[in-house]
2 protein chains.
Amino acid sequence: MQSFEQLSQQFTLRFDQRHFPSEPASLYAPNEYFLRIGGKRVRPVLCLMGNELFDEIKSDTWEMATAIELFHNFTLIHDDIMDKAPLRRGKETVPQKYGVNTAILAGDVMLIAAYELMNNVSLTVIRQVQNLFNATAKEVCEGQQIDMDFETQENVSFEEYLKMIELKTSVLLAASLKMGAILGGAGERNQNLVYEFGKKLGLAFQVQDDYLDAFGDPGKFGKQVGGDILSNKKTFLLIHALEAVSAAQKKELKKLMQENPADKVSRVLQIFRDSKVDEWAIQLKNKYLDEAFTHLDDIAVLSNRKGPLKELALFLIKREQ
Amino acid sequence: MQSFEQLSQQFTLRFDQRHFPSEPASLYAPNEYFLRIGGKRVRPVLCLMGNELFDEIKSDTWEMATAIELFHNFTLIHDDIMDKAPLRRGKETVPQKYGVNTAILAGDVMLIAAYELMNNVSLTVIRQVQNLFNATAKEVCEGQQIDMDFETQENVSFEEYLKMIELKTSVLLAASLKMGAILGGAGERNQNLVYEFGKKLGLAFQVQDDYLDAFGDPGKFGKQVGGDILSNKKTFLLIHALEAVSAAQKKELKKLMQENPADKVSRVLQIFRDSKVDEWAIQLKNKYLDEAFTHLDDIAVLSNRKGPLKELALFLIKREQ
């Protein structure tokens, strides 16, 4: 049983090599550049951990983990076009550096490269793994489209937002674990439990992300605190606030969102605090984390095998906040 | 043995149904809209013909043909973004009608749907078919990128242009035939011959397309005659002309391309005619068609099985022009 850190190091060592031919450089250099920007590589390591929960890591799982990371990077490259994002992790995005057209093609070919790797998986499981991968890939696209739709949709319910986050973020974490579990020989019940664990973990993580954007320590939080509030982004906090605050507070909130005064962030935060949206968010995060752990507990393997996943969950979702 | 027309009718009948869920409509309606614009469905029918050259059409081949057509439509949706094309076959393109961001995602999910279908192919050939599909898909992306690079590249050699056309156009026609042949149980030698037939047919078709843009009958040719000349598009004709005409003609040609006078098309055509670029193009088309037929002749099946492919080739590439 290896920790997230150990597996992450091993994965990074294998992953940090060329994934594409050298020519045509105008197509492949952008992808090599983007993969070198780095990242936490959470999804491929979840795939490895999903395998190791049940058995020693198979060579197929390393291929699959790499395919998952390439898929994730494909979504990032295309998302950066849609979001008109100039920077990611402090470096220029692919559309910013190489133009939108090349970014479209570079993303396309990154997705195809993921399928190339997956085509090497043992025939006994290839259909099952690819079915899950394809279903997940479609869901991620659906989530991204729904998220874009929300930008112009005036009222978004909690349920709608939750569904979008599940599609856009949670299912890939869940599927990464489940693909590892399939390759590690887990039975169907255990596969589904590890999938549900990943899904709830993803929700807890998103609640935390939305919370930190509003209430995080500016020194520790990587992004600008209040960025979501400034841009009127729908988040767990805003959507709950619009459903839960008093009529007067709701009116003020809507006015702040329309008029964008200079003290918008502090005044929105005051409404959030007055109506205990901050406490609600922490409770919601803990609820999802508890549900995740219940699923993990139910998985029928010796409990010491579950240690690394438990540690990872607690590392990603800090209880004390 | 069925003709192109018979197979095309059968394929269209099967293909003209929903390929995507109804929700989220903001993502899937654009794809359903685009698939209903229609098209000649040449590639999926080539796949069916590649199978029928060797054996009765298998159920796998129908799935594969559908996957190929979805893949082709994925490339069209993304190409229409890159080309900023408002219309295709007289109808609004996906980026024009639904916006660039949705067109990116709609294309992505169209590609994933192609893989979904391919995942149903028999395990005995799934790896071989997907390997060919993945390699071809990457080549098509490479061809599109190189074609974009040519827009800002001053000198493009005949060999460079030929390679680009092979990647962007020919390999998908060739691979469609070969995938059908694999599913129809052809041996390796026959698979490769049908692939080479498709590749040369694609080249002949592109030469004809470039020729018709310059010398076609405006009444019969679907597009504006002279469109390539107006936009200084690199074509077989222009690239050959720049390599073959006299120094004075070359100077005039470059001047016309820079200055875009009102009579540009007729003056460029005059240079083409004076230096016999039109005759050269017809010879080149016939050369590729002859090479295609030589590969077809070499395929080890009864010659009457080859009839439909021969007819299709002659229908696509009109000898008399």
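**Exercise 1. In this predicted model, find how many residues chain A and chain B each bring to their contact, and which elements of chain A take part.**

Step 1. Start with the totals: the contact draws on 32 residues from chain A and 32 residues from chain B.

Step 2. Now look at the helices on the side of chain A that touches chain B. Those giving two or more residues are α2 (25–36), α4 (59–82), α6 (100–118) and α7 (126–151) of chain A.

Step 3. Pick out the main contributor: α7(A) supplies the largest share of this side, with 14 residues.

Step 4. Finish with the classes. The side of chain A that touches chain B holds 16 nonpolar, 10 polar and six charged residues.

**Exercise 2. Work out how the two copies are related.**

Step 1. Try laying chain A on chain B: a turn of 180° with a shift of 0.0 Å along the axis does this with an RMSD of 0.0 Å.

Step 2. The two copies are therefore related as by a two-fold rotation axis.

Step 3. Check the surfaces: both copies use the same one, as 100% of the contact residues of chain A recur in chain B.

**Exercise 3. Describe the surroundings of A:Leu256 and decide whether this residue is buried, exposed or partly exposed.**

Step 1. Locate A:Leu256 in helix α12 (residues 247–259) of chain A.

Step 2. Count its surroundings: 18 other C-beta atoms lie within 10 Å. Being buried takes 20 or more, and being exposed 12 or fewer, so A:Leu256 is partly exposed.

Step 3. List its contacts, leaving aside neighbours within four places in sequence: A:Pro261, A:Lys264, A:Arg267 and A:Val268.

Step 4. Lastly, compare positions with A:Leu230. The two residues are 26 residues apart along the chain, and 9.7 Å separates their C-alpha atoms.

How values were computed. Residues numbered from 1 in each chain as written. Chains lettered and ligands numbered in written order. Predicted model: local features only at pLDDT ≥ 70, side-chain atom pairs only at ≥ 80, totals over all residues. Contact = placed C-beta atoms within 7 Å. Helix = DSSP H or I, 4+ residues; strand = E, 2+ residues; numbered from the N terminus. Nonpolar A, V, L, I, M, F, W, Y, C, P; charged D, E, K, R; others polar. Least-squares fit on C-alpha atoms with pLDDT ≥ 70 in both.
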